Structure formats: structure tokens, C-alpha cells
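Colleague: Please take a close look at a single strand and its surroundings, and describe how that part is put together.

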Amino acid sequence: MMNNLPQKDTIKCYFWKNIAFYLLFSITFFIPIIGNGDEKAMRPIYSFEGLKLDVIPKQEYKVKDDLKYGVFNVPIDNSIGVNSLKNAFSLLTFKKKKLSYKTVKKGFSKWVGGDCEFLPIFSREYIGWAQMRRFLLFNLKDKSHQYYGIRAMPKRWENIRDVQVLDGENKKFVFEIESHPGGGKPSEYYLKIYDFSGKKPKTSTNFLLQDTVLPQRSLAAVYRGIIFLFNENNKLEAYTEDLKQTHHPMVDLYNNNSDIDDEFIDLFDIHPTLPFAVICGETKLWVFSWKNDQPEEFPIAYSHQTGMMQYFSPDGKWIVLNYRDYDKKNIDGYSNIESNQVILMPVNENLPYFLDHPIRMSGHNEGIGVKRVWTTNPLSFNVVSSKKLIRWVIDNPHQG
């Protein structure tokens, strides 16, 4: 019996009892934590820290004042569109180490430039931009143009908040319109679809978004005829071209991700053709994929490293991200311009998360208050500030 055991054996007995207790405690509490793969699975796939410079060099050009306020993508080789010089639509073309300015058409409106919403490349023949209450379609072949009034409600002061391409081939676009009823009443926000393929534009009925001031735009993205909107609770919804609500796997992925914060709902880019989107969350940059029957989400990198800006190339083969090195700060504690690096990632449709290994390009991204545009043939990414343009040629680093 225990009472008859020598004291030495009693100490041994208590020792092994304690060991057994701690082993049981460890198995119960620690092993599930160690064996939990969810935490490891949520670690970002890539890190942008310590990336070596790729061979893609930067090219710097001096530009004319105010150029950055009116630059946009055009379907013309090696060129950028400009509408902020001499009240004209002009082309800025790269020729070896110089820039060539060419006026396409001048003075076709009292205000050719101004506060505009530019469109991505949607046609080889047309370009377009929205300006206050009107929308321009410009024919690049014969240099003809047509302005269209965009209205939701008659006899109101209104402006276009956003415009996106619904069907570029058939010149169909979706507009978000801010409408002011007057009399101290709050603004109303409408969605309206315009079809400019015929002699006269065809329009949808007004779709009321919300009758209170929205902190962000409601129109999130358009993908293969599906219109994505944010509702009054900043939750994502999907609609058909007839503005009838429908289901899309992107909606569930976005609304169920706990890392998505209301503050970041504008940081939302869907690939032009492939079934995935890039979203900047509160802590991570995500890829949401609906490639397979079971939609998936992948953490790509920490979002504080990306600077929360991403841009797909016109051909959809690349994405450019802004990377901030927070170790480089000025005397006030803010990031230096040199900390705004440019990260390039190839799009690889054979990967489940679509984005291949990151490349850090030389130079910096000039920070806030600049415009970013692409050229085609060769493909290049360009950052335009008030008096400088920085260019990275991606198709062929030695061509420019």
C-alpha cells in the first residue's frame, strides 16, 4: 500500500504523476494548435521584402505642366492619350529617348479636358471619357466625335461619379450618377445603362442605389456582363445587364472574408477575362478565384507592403502593385518617395492563385498625386507627375 512505501518511492510516484499530467495537458491544448493548418494556410504566399531588382530599367522623361490631369490609355502603339494640353485631344508618343506631342483634334469643345473619368481600352476604333454630365465617344479613324448627355432625373444638377464598360464592342456602358434634388435634400445616386451602338442612344430605367450620401462609389466592377455593386452596408451584390440581382461566387468570397474592411472597398480589381479578382484587405492582399466549382481565396502578400494600389495591364498578362518600404522614412516619420517601389507580377492561369513570382523594378512610384497609364506595343507601365514621366517597358526592356 501507498502508506508503506519508502519516502524515496513516494517522491518518484508524485514525479511521474506530474509528468503524466503535463503530457496530458500538452496533448489536450498544444497539439491542436500546432497541428492546425488554417493559420499556416493564411500566411501570404509571397513577401516583397528583399526582392532583387529585375533587369527592367526605368526611363525618365520631362513632360509639360499639368499633363498628369488628363492622361489615359489609348489603343495606339507606344502612345498615351492626353486631353489637358491646349484644349485638345493629343497623343504622347515615345520615340527613342524623346517624347513626341501630336494634336489629334483641337477645340472640339469649350472644355475638352477637365475633371474626367477615363475608360480602359475597350475598342481599337473608339476612346471615351465622362465629364460632369456628359460622355464623349471619339472615333480614332475619322476623328469624329459625339457628346451624349447623361441624365438620371430631369431638371436637376447631376454629375457622373463613375463609368465602366459593359460591352465595348457594342458601345454599352454603365454609369453611376449623383443627382441633387435641391431644397436641402440629400443627394440621390442612380445606376443607368446606356447603349450607343445605334443612331440614338438607348437607356435603361433608373436604378436607385441609395438616397443618402455614399462614402464610396457603389459601382465596384463589371465582369462578363455582371455588374458588381456595393450596397448601403458596404456589402457586395451582383446584377445582370437588366439590373436584376443575381448570384456570383465573387459575392460570397468578398462578403465572407473577415479581412475586408469598409475603408478598403474601392481597392477592388477583377481580371478582364480570367475568373479571379485582386482585393486589398485590412492586413493582406488577396486573390479571390472562382476558377473551380469551389471558390477559393489566397493571401498573396501583406497589404501594408503593397500600398493598396493595383493595376492590370490591357492584355491582362501582368499586374502592377505599389510597394512601400516602411523602413525608409523621412524626418516626420512618413514614407519617403523612395519607399514607393513598383512590383510587377505575371499572370499565370495555370496557378490556382493566378499571380506568379513578384519582380521589383528599378526606380520609384512617385507616391500620391500622380497618374498611372499603360502603353501597348511595346507594353509599358508609366507614372506621370506634374513635370516628369517614369516608364518601365515590360515587353522588351531594350525597346523604347
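Modeller: Strands here are DSSP runs of E with at least two residues, numbered from the N terminus, and two of them count as paired if DSSP finds at least two bridges between them. The model is a predicted one. The part I take is β16, residues 226–230.

Burial comes first. Of the 5 residues in β16, 5 are buried, that is, under 20% relative accessible area. In a regular strand the side chains alternate between the two faces of the sheet. In β16, Ile-226, Phe-228 and Phe-230 point one way, while Ile-227 and Leu-229 point the other way, and all are buried. Phe-228 also belongs to a core of 20 residues, which includes Val-251, Ile-260 and Trp-286 as well. That core is separate from the largest nonpolar core, which has 22 residues.

Next, the partners. On one hand there is β15, residues 219–223, which runs antiparallel to β16 and is joined to it by 4 bridges. Within this pairing, Tyr-223 stands opposite Ile-226. The two strands form a hairpin with 2 residues between them, and Arg-224 in the turn has a positive phi of about 50°.

The other partner is β17, residues 236–239, again antiparallel to β16 and paired over 4 bridges. Here Leu-229 of β16 stands opposite Glu-237. β16 and β17 also make a hairpin, with 5 residues between the strands, and in this hairpin Asn-234 takes a positive phi near 60°.

How values were computed
Residues are numbered from 1 along each chain as its sequence is written. This is a predicted model: local features need pLDDT of at least 70, side-chain atom pairs count only at pLDDT 80 or more; totals for chains, interfaces and linings use all residues. Side-chain values use heavy atoms; hydrogens and water are left out. A nonpolar core is a set of buried Ala, Val, Leu, Ile, Met, Phe, Trp, Tyr and Cys residues joined through side-chain atoms within 4.5 Å. Buried means under 20% relative accessible area, exposed over 50%, partly exposed in between (1.4 Å probe, protein chains only).
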